[in-house]
Amino acid sequence: MLRRINFYSICFAFGLSVLLILAGSRYTDNTNYRPSAESHRNIRNFLKIEDGEDVLLQTIPTNPYDGSPNIEKLLEKTRSRIKFELLDYNFTYSGVHSLDNLLLESDGRPLRSLIISTWRSGTTFLGEVLNSMPGNFYHYEPLLKYEIIQIRGPPHAEKALNTIKKLLKCKYDDLEDYFEYGKSHLHQFSHNTRLWDHCKYKRDLCFDADFTEKFCKLFPFQSMKVVRVRLRLIKEILEDNELNVRVVLLIRDPRGVMQSRQHRNFCQPAPDCWRPELLCADMISDYVAAGRLLQEYPNKLMVLRYEELALNPNGTTHLLLKFLRLGATQSVDEFLHTHTNVEVAGVSSTFRVSRDVPFRWKNVLDFNYVDEIQTACKEAMGLWGYRMAHNALNSVILSVHLIHVLIYSHRKLWKVS
């Protein structure tokens, strides 16, 4: 009996040792593994927020902060990472020979893109499409401090345009108001994922003009989205040869815009956000401005309807990238695949079954409200090619018509006649 007990004890000890060895080996193999930042930029990374809402950011560490960042070391690591991510990128798409030709810190000129639209027109999604490009620095809504107004001229136009130009040139001096607003509205920075990877561990980095300027100059591509400035004011940006920026005007069916705005607390009681007649007056203004600017700057302005992007995200995105002189990358294709085929709850979520979004208004809005919008927007809708719905049943037929027209449109750019 004693021998049997000793035998079982030895077997148990041997088995336990083997398990401990295997567990230790597995731990050792993974101690140096750290998921890339890009692999975490999905639904679990952080709660997407925008325009006037502050919620708790739920982050997953991607660049662990040790308490005392060495700025020069951080900048050098960022340089190395950008070079690695663009190792296989064909720079001839961007009209240059090498990465250095696109870096401000090397006296190059980055490729800059500016999205102009209004609230709830798809800019958050389109902005993230462009930000999925490796080597992109994303200036998210730099005019948040103006709250819920449209800037159509004085008294805010001059200062707002100056802010846009300075940021696109990576010049952060004299932008105290921009940084001060960002201190209590962190979503101004959190959408810029490459900057936020560092700021979320050391918030002061986002408010440091010297650091953000040096960091910005490392990136070959820069994108910005703005929903508070009308297109006619952007002529000043297009005229700036130092910027050499390309502008995308994003237009959406006003019925879809107003339906989406119903879910945003910030919208009421702001007239510029809640009154369809003001929305559609801006759509008319943008149509006229687009006609003039396309004649003066045919290679610098693209007009895009949100419905085209939603119904044909891959094809439309590739046309957009070509216009912006950007080569398609695997990261962009992966973003489109993961964000256009699954629905994730949340008014600011960019995970949508994209083909269902453009015509959601016909299932949500009372037709009396639809008719009210159409009455206020008849001229704007006619200019931009949106057909009127005369009753609830007609709105269903309308959606089928638009799907046919937009999916099978093979134009390269929207030409405003």
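1. Let's start with how the chain folds back on itself. Take the contacts between residues at least 6 apart in sequence: 75% of these join residues at least 24 apart. Do keep in mind as you look around that this is a predicted model.

2. Now the overall make-up. You'll find 19 helices and five strands in the protein. There are 417 residues, and 53% of them count as buried. The accessible surface comes to about 20100 Å², with 54% of that belonging to carbon and sulfur atoms.

3. Helix α15 is a good place to zoom in. Which residues of this helix, spanning 313–323, are buried? They are Pro313, Thr316, Thr317, Leu320, Leu321 and Phe323. Looking down the axis of α15, you'd see these buried residues fall within an arc of 155°, so they line one face of the helix.

4. What do the buried residues of α15 pack against? Their partners are three helices, α4 (123–131), α14 (306–311) and α16 (330–339), plus two strands, β4 (245–251) and β5 (301–305). Just after α15, have a look at Arg325, which takes a positive phi of about 65°.

5. Phe323 deserves a second glance. Besides being one of the buried residues of α15, Phe323 has Arg246 lying over the face of its ring, at 5.6 Å from the ring centre. A similar arrangement turns up elsewhere: Arg305 lies over the face of Tyr386, 5.7 Å from the ring centre.

6. On to rings meeting rings. A pair of aromatic rings is described by how far apart the centres are and by the angle of the planes. How many aromatic pairs does a search of the whole structure find? It finds 13. One of them is Tyr89 with Phe91: the ring centres are 5.0 Å apart and the planes sit at 80°, so this pair is edge-to-face. Tyr89 and Phe91 are both buried.

7. Tyr178 and Phe179 make another pair to check. Their ring centres are 5.4 Å apart and their planes meet at 70°, so here too the pair is edge-to-face. Are these two residues buried or exposed? Both Tyr178 and Phe179 are buried.

8. Finally, follow that last pair outwards. Tyr178 and Phe179 belong to a cluster linked by ring pairs, which also takes in Tyr172, Phe189 and Phe207. If you're browsing the model, try showing the side chains of Tyr172, Tyr178, Phe179, Phe189 and Phe207 together to see the cluster.

Key: Residues numbered from 1 in each chain as written. Heavy atoms only, no water. Buried < 20%, exposed > 50% of the residue type's maximum accessible area, 1.4 Å probe, protein only. Helix = DSSP H or I, 4+ residues; strand = E, 2+ residues; numbered from the N terminus. Arc of directions from axis to C-beta. Contact = heavy atoms within 4.5 Å. Phe/Tyr/Trp six-rings, centres within 6.5 Å; stacked < 30°, edge-to-face > 60°. Lys NZ or Arg CZ within 6 Å of the ring centre and 35° of its normal. Areas by Shrake-Rupley, 256 points an atom, 1.4 Å probe, with all protein chains shown as cover.
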